[in-house]
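Biologist: Please take a close look at a single part of this model and describe it in detail, with the criteria on which the description depends.

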Amino acid sequence: MRKLMHYLKGFRKEVLLGPLFKLTEAIFELIVPLVMARIIDNGIRGNNTGYILRMGGVLVLLGVTGLLCALVCQYFAARASQGVGTVLRNDLFRHINSLSYAEIDQIGTPSLLTRLINDVNQLQLAVAMLIRLVIRAPFLVLGSTVMAMLIDLRLSLIFLAAAPLIAGVIYLIMSRSIPFYRITQKLLDRVSLITRENLSGARVIRAFSRQGAEQERFREAASDIERTAVRVGKISALLNPATSVIVNLAIIAIIWFGGLQVDSGRLTQGEITALVSYMTQIMLALIVIANLVVIFTKASACGTRVSEVLELTPSVTDVGNAAVSVQADAQTPKVSFENVSFAYAGSQENALEGIQLSVRPGETIGVIGGTGSGKSTFVNLIPRFYDATAGCVRIDGADVKAYPFAQLRGRIGVVPQKAVLFAGTLRENMQWRKADATDAEIYHALEIAQAAEFVNKLPEGLDTMLQQGGGNLSGGQRQRLTIARALVGSPQILILDDSASALDFATDAALRQSLRRQTRGMTVFMVSQRAGTVRAADRIVVLDDGRIAGVGPHHELFETCAVYREICLSQMNAEEAAG
């Protein structure tokens, strides 16, 4: 929590003036019982209507002034809390976008969403309460006790005895309930995970008729939160009765002993009323303090979780990298892997090991292998989504670690396995690689990706609004659009990571022919599990358990590489495979 306090520096005025106005309101609140005592003793007892009206006007003035001070404080609290929340959320979002795949995998997307939304909201609430109540509540406790001492020193001993008792009760209850608030934040992560999985995987769940099982899974996660909340609620429910008992006993004592003082003429009825009011103010203020403890405990847990993200150092960074001056000649490989090995964080085994490969400019490389053989990992090292744990990946003779991200990834067009489109127009989605891409450039890319035909049939063409994730398009249409998006701006290197899996064989074949015909000079990496997709590549890289089992054209690998031959024969007959 302390690590995030620097976010308040931009709101010094609000943090200083807000509590001052709230303190002024509290001072007026302490004056009210004294005015009431005067009304009772001088106005009501003497049946002095004019005095009652004048002092009533004073009460109204105190109330209106206190209200204005409270509104000003509320304004400052809102500005500071919303401002801190906005700045913090922007910084957090910016930092998350700077993290590499490894760090995002480490925390998990659902947890990041919870921290970005729920945890920051809790911190905003803490800032608002810091300005509004942190000074006011303790001041009322101390002020009420001091005012009671000024009225009667002996009766104020009741205050001095009751206040620590109430504080002790609050401490006991809070010390047992606070740990549950920390647990609740972790349980919210699980609910967020299940919710996200169900929303993104709704079609799969329906396809397998798993609605009942998923509802039960969600119910269990929600029930965990419910049980925790009920348990902490039972403990917290003791707060009001316990404090009320102590306060009411204190009030009884004040009235009992105060009545004796009234009989003896040492105190007036109005002063007894003021003492009772001050005792009530102490109880209410202490309950506010208890609620503040809960709020700041939650905020502390949330602050820790937010700080964990902000303190994560990206494992892949381009800090200090100057633009690379490429001086490649015809003999320089466009992409080269030099004895590259890679292991995911926390894994004891390498996902890739001893990868040695040189790719010429304009060459088309097919990448094939069984599930889990390392195909996606292999191509993810090229745009530096991950860093090799050993060896070196080079583009145009320069280590990818030497490039600034903008220069490196500006040369590469990537089509991931999952076709991801964003809410907005089709044109806006096509301009992700090149913001100023013309319609002619976009349609050229659509033609290559075999998407122009269905785009032309759309009533609004490039102005068609896409739903989140491209939900108003078919799977094949989404894949073709993501391929076209990568082609806009003519990247030097194109990576197709199993990006034609939703296409029929005819469209897939047309796409491959179009890529070969219209992307001459572009180096293409085509990852697929279909042997038919990669067989026309200049060379095919066969991966088996993270190692290269063979490299070469189709006809050569079919004769010399057992792994590749097995893949081919599992998908086509021997005559087709050898042809």
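Modeller: Two strands count as paired if DSSP finds at least two bridges between them; strands themselves are DSSP runs (E, at least two residues), numbered from the N terminus. The model is predicted, so local features need pLDDT of at least 70 and side-chain atom pairs count only at pLDDT 80 or more, whereas totals for chains, interfaces and linings use all residues. Residues are numbered from 1 along each chain as its sequence is written, and side-chain values use heavy atoms, with hydrogens and water left out.

The part I have chosen is strand S10, which spans residues 523–527. Strand S3 (residues 364–369) runs parallel to S10 and is joined to it by four bridges; within this pairing, Thr364 has Val524 of S10 as its bridge partner. Strand S9 (residues 493–497) also runs parallel to S10, through five bridges, and here Leu496 lies opposite Met526 of S10.

As to solvent exposure, five of the five residues of S10 are buried (under 20% relative accessible area, with a 1.4 Å probe and protein chains only). In a regular strand, side chains alternate between the two faces of the sheet. On one side of S10 are Thr523, Phe525 and Val527, on the other Val524 and Met526, and both faces are covered.

For comparison, an antiparallel pairing elsewhere is that of strand S4 (residues 390–395) with S5, joined by two bridges; in it, Ile395 stands opposite Ala398 of S5.

Notes:
Buried means under 20% relative accessible area, exposed over 50%, partly exposed in between (1.4 Å probe, protein chains only).
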